[in-house]
Amino acid sequence: MRLLRIVAAACLLVTAVSATTPAFASPANPQNGVDYLTLAQPQPVQAAGKKVEVIEFFMYHCPVCNGLEAGFEDWVKKQGDRIQVRRIHMPYTGAADPEAHLYLTLEALGRLDDMHAKVFNAVHQQRIRLNQDAAIIDWVSKNGIDRATFLNAWNSFGVLTRLRGLERVIASYKVESVPTIIVDGKYMTSPSMAHDSIKTNNPQEMFQATLQIADALVAKAAASK
């Protein structure tokens, strides 16, 4: 599967150690079919007016998603009011994926601002396995969220409905790997595409190129509004 191939290759990129940082030409003028893809069927957006919707498809346990996270957060801040950001967690294990369930529950509770980075840190720095419901509920209850409050949201109709609908959402965007960025419901790019385009084994160069491509796609989408 392409998903498994990309994740395996990306793991090597993120863990690579480079003695030097060679100069490279970032894709300032990205090409369709090389640096990004145009979706055959554009998807509806939630952003209103002249704002451009940006969606990041990700997974908490994905090392490339973790590697991209800090740069993506900085990029979002620099974009300011030009964009409206959504994140969608890939349901890696299917319709009841525990990590996707965690993300949707934190979102429902309005706790992403203080908990999203903590989850990445727990998984990738502390090496805590948050891939089972019980482990997630136990960890959350020890990290600032009342257990009963969390469980109420975790078991709520709204969260469970959205969780079961994630696979349909993934299919509608034709997302096959994470992280993947969708701009304005029309354009798709990712670190794997940037890697193939600029031919680098330096993960930071790959992430920088990804966000530079996203820059251009946001400008392209904004110009058409």
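**Exercise 1. Which backbone oxygen does the side chain of Thr-189 reach?**

Determine the contact and describe the surroundings of Thr-189 in this predicted model.

*Solution.*

Step 1. Locate the residue: Thr-189 belongs to strand 5, which spans residues 187–189.

Step 2. Identify the partner. The backbone oxygen of Asp-35 is reached by the side chain of Thr-189 at 2.8 Å. This distance qualifies as a polar contact, because the cut-off is 3.5 Å between N or O atoms.

Step 3. Classify the accessibility. Thr-189 has a relative accessible area of 0% and is therefore buried.

Step 4. List the neighbours, leaving out residues up to four places away in sequence. Thr-189 touches Asp-35 and Tyr-36, Thr-180 and Ile-181, and also Thr-210, Ile-213 and Leu-217. Asp-35 thus appears both as a neighbour and as the provider of the backbone oxygen.

**Exercise 2. Trace the salt bridges that involve Arg-87, and state which network they belong to.**

*Solution.*

Step 1. Begin with the whole structure, in which a search finds nine salt bridges.

Step 2. Take the pair of Glu-56 and Arg-87, whose side chains meet at 2.9 Å, N to O. Glu-56 lies in strand 2 (residues 52–58) and Arg-87 in strand 3 (residues 83–89); the pair links distant parts of the chain, 31 residues apart.

Step 3. Assess burial. The relative accessible area of Glu-56 is 1%, so Glu-56 is buried. Arg-87 counts as buried because its relative accessibility is 15%, and the limit for this class is under 20%.

Step 4. Turn to the salt bridge between Arg-87 and Glu-69, at 3.2 Å, N to O. Because Arg-87 lies in strand 3 and Glu-69 in helix 2 (residues 63–79), this pair ties together parts that are 18 residues apart in sequence. Both Arg-87 and Glu-69 are buried.

Step 5. Consider another salt bridge, formed by the side chains of Lys-186 and Asp-184 at 3.4 Å, N to O. Lys-186 is partly exposed because its relative accessible area is 27%, whereas Asp-184, at 6% relative accessibility, counts as buried.

Step 6. Assemble the network. Glu-56, Glu-69, Glu-73 and Arg-87 are joined into one network by salt bridges that share partners.

**Exercise 3. What is the geometry of the ring pairs of Phe-58 with Tyr-60 and with Tyr-103?**

*Solution.*

Step 1. Choose the descriptors. A pair of aromatic rings is described by the distance of the centres and the angle of the planes.

Step 2. Apply them to one of the nine aromatic pairs that the structure holds. The ring centres of Phe-58 and Tyr-60 are 5.2 Å apart and the planes stand at 85°, so the pair is edge-to-face. An angle over 60 degrees is what this class requires.

Step 3. Check accessibility. Phe-58 is buried, with a relative accessible area of 0%, and Tyr-60 is buried, with a relative accessible area of 1%.

Step 4. Repeat the analysis for Phe-58 and Tyr-103. Their pair is edge-to-face, with 5.3 Å centre to centre and 75° between the planes. Phe-58 in strand 2 and Tyr-103 in helix 3 (residues 98–109) are 45 residues apart, and the pair links distant parts of the chain. Tyr-103 is buried, with a relative accessible area of 4%.

Step 5. Extend to the cluster: ring pairs link Phe-58, Tyr-60, Tyr-103 and Phe-120.

**Exercise 4. Which element supplies the largest share of the lining of the second largest pocket?**

*Solution.*

Step 1. State the volume of the second largest pocket, about 330 Å³.

Step 2. Describe its lining. The second largest pocket is lined by 18 residues, and those nearest its centre are Gln-46, Arg-86, Ile-88, Arg-162 and Val-169.

Step 3. Assign the lining to elements. At least two residues each are supplied by strand 3, helix 3 and helix 7 (157–173). Helix 7 provides the largest share, seven residues.

**Exercise 5. How many helices and strands does the chain have, and what share of its residues is buried?**

*Solution.*

Step 1. Count the elements: there are nine helices and five strands. Their order from the N terminus is α-β-β-α-β-α-α-α-α-α-β-β-α-α.

Step 2. Give the buried share, which is 46% of the 225 residues in the chain.

Step 3. Evaluate the contacts between residues at least 6 apart in sequence. Of these, 75% join residues at least 24 apart.

Conventions: Residues numbered from 1 in each chain as written. Predicted model: local features only at pLDDT ≥ 70, side-chain atom pairs only at ≥ 80, totals over all residues. Heavy atoms only, no water. Helix = DSSP H or I, 4+ residues; strand = E, 2+ residues; numbered from the N terminus. Buried < 20%, exposed > 50% of the residue type's maximum accessible area, 1.4 Å probe, protein only. Polar contact = N/O pair within 3.5 Å; in protein donor to acceptor, adjacent residues only side chain to side chain. Contact = heavy atoms within 4.5 Å. Salt bridge = Lys/Arg side-chain N within 4 Å of Asp/Glu carboxyl O. Phe/Tyr/Trp six-rings, centres within 6.5 Å; stacked < 30°, edge-to-face > 60°. 1 Å grid on protein atoms, 1.4 Å probe; cavity = no way out; pocket = protein on both sides within 12 Å on 5 of 7 lines; lining within 4 Å. Points joined across faces, edges and corners; volume = space filled by probe spheres on them.
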